[in-house]
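Colleague: Could you walk me through how to read this one, feature by feature?

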Amino acid sequence: MNILLELFVVTFRVLWAFVLAAAKWLVRPKEKSVAGQVCLITGAGSGLGRLFALEFARRRALLVLWDINTQSNEETAGMVRHIYREMAEAAAAAPRVAGDGEKDALPHCNLQVYTYTCDVGKRENVYSTAERVRKEVGEVSVLVNNAGVVSGHHLLECPDELIERTMMVNCHAHFWTSKAFLPKMLEMNHGHIVTVASSLGLFSTAGVEDYCASKFGAVGFHESLSHELKAAEKDGIKTTLVCPYLVDTGMFRGCRIRKEIEPFLPPLKPEYCVKQAMRAILTDQPMICTPRLMYMVTFMKSILPFEAVVCMYRFLGADKCMYPFIAQRKQATNNNEAKNGI
């Protein structure tokens, strides 16, 4: 094809992509069904992972929950089973009320939740647990890479093993889980991979170098994988990148921006964050930043001189927003050491 003609076609497609994106803002796309599909969530024992599990359960997905903490993972499973029972009871009562004898396409009694204790930071643990899932449950259709940790130390005070741990759990684990479950998705040309990253994977701040590096890595991995799937013309496999602002799960307890700005940009409620992410996942949205202001911050960081970005950070109080959090973590560590010493 003549290069000028091809350039015209590309320009048209780019503009058409803008039109479609604008249309999705105006008209909410229909959500797809995940009923009966196997959905695996890492870090399901607490925080966003637990909320993702409950949301997928309400949509009748068959859940596989991974977490390093067996007790908290089982607690999440108990909540999921409670949702399944409520739906089964409602489905059983519905025909008697309606009197039309209609049945669900997927019987609620077939819904199950499976729990596995897995340290996603250990490659062999991921691969062996994945093999158990394939044998005991079946092939995974929806993979939610959610597990995450934070060390809470300044770079020069952070032990090397904690830096390695942060990188393994927050970034490397995405490689291992994807390599475990992507082959079958490719074979079937069906699936969905969700990467729960962070706004700190798009722009950074002081004091959390290991965390930012791990989240930047997760974002880079996700984007490269998305391009690889497009290059392979596997359009049946969808990807969604989730980049929320600070979420009030306790993970960054003590983190504060400038007090005058904080009322306009408070920490996100976990429930709100997950509901926004679920809407993006179920409408095959490639990326979701919450709140939407994060899109603007990312764009400005890309075009402004570094010194201008520094000025903005200082004005917002974002340059040292992690320092109170780090101080609290250090104090808690000192208290534990003193207690153990006694």
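Modeller: Sure, labels come before anything else: helices (H or I, at least four residues) and strands (E, at least two) are DSSP runs, numbered from the N terminus. This is a predicted model, in which local features need pLDDT of at least 70, side-chain atom pairs count only at pLDDT 80 or more, and totals for chains, interfaces and linings use all residues. Residues are numbered from 1 along each chain as its sequence is written, and side-chain values use heavy atoms, with hydrogens and water left out.

Colleague: What is the mean pLDDT of the protein chain?

Modeller: pLDDT is the predictor's confidence in each residue, from 0 to 100. Here the chain averages 90, and 92% of its residues reach 70 or more. Residues 97-105 fall below 50, and that stretch has six contacts (heavy atoms within 4.5 Å) beyond near neighbours in sequence. Where pLDDT is low, the predicted coordinates should not be read in detail.

Colleague: Now the sheet. What is the order of the seven strands?

Modeller: Two strands pair if DSSP finds at least two bridges between them. By that rule you get an open sheet of seven strands, ordered E3-E2-E1-E4-E5-E6-E7, with parallel pairing. Strands E3 (113-117) and E7 (287-290) are at the edges with a single partner strand each, so one side of each has no neighbour in the sheet. From one strand to the next, the twist averages 15°. Helix H4 (residues 123-136) packs on the sheet, touching E1, E2 and E3, and its direction makes about 160° with that of E3. For such angles, axes are lines fitted to C-alpha atoms, for helices over the stretch in contact, and the angles run from 0 to 180 degrees between N-to-C directions.

Colleague: Which residues does threonine 129 contact?

Modeller: Threonine 129 is in helix H4. Setting aside neighbours within four places in sequence, Trp66, Tyr116, Thr117 and Cys118 are its contacts. Its relative accessible area is 3%, so it is buried; buried means under 20%, exposed over 50%, and partly exposed in between (1.4 Å probe, protein chains only).

Colleague: How do I read a strand like E1? Which of its residues point one way and which the other?

Modeller: In a regular strand the side chains alternate between the two faces of the sheet. In E1, Val38, Leu40 and Thr42 point one way, Cys39 and Ile41 the other, and all are buried. Five of the five residues of E1 (38-42) are buried, so the strand is largely enclosed by the rest of the structure.

Colleague: And its partners?

Modeller: Five bridges tie E1 to E2 (residues 62-67), running parallel, with cysteine 39 opposite leucine 63. Three bridges link E1 and E4 (residues 142-145), also in the parallel sense, and leucine 40 has leucine 143 as its bridge partner there. E1, helix H2 (residues 47-58) and E2 form a right-handed β-α-β unit; right-handed means that, with the strands pointing away from the viewer, the path from the first strand over the helix to the second runs clockwise.

Colleague: How about a helix? Which residues of H9 are buried?

Modeller: An α-helix has 3.6 residues a turn, so residues three or four places apart point the same way. In H9 (residues 306-316), the buried ones are Val309, Val310 and Tyr313. Down the axis of H9 they fall within an arc of 100°, so they line one face of the helix; the arc is that of the directions from the helix axis to the C-beta atoms. They pack against helix H8 (293-303), while exposed Glu307 and Cys311 sit on the face turned away.

Colleague: Last one, the backbone oddities. Where is the peptide bond that is cis?

Modeller: Most residues other than glycine have a negative phi, and most peptide bonds are trans. The bond from threonine 290 to proline 291 is cis, with omega near -5°, and proline 291 lies in the loop between E7 and H8. Asparagine 189, not a glycine, has a positive phi of about 50°; its place is the loop between H5 and E5, and it is partly exposed at 30%. Glutamate 233 has a phi near 60°, is in the loop between H6 (209-231) and E6, and counts as exposed at 64%.
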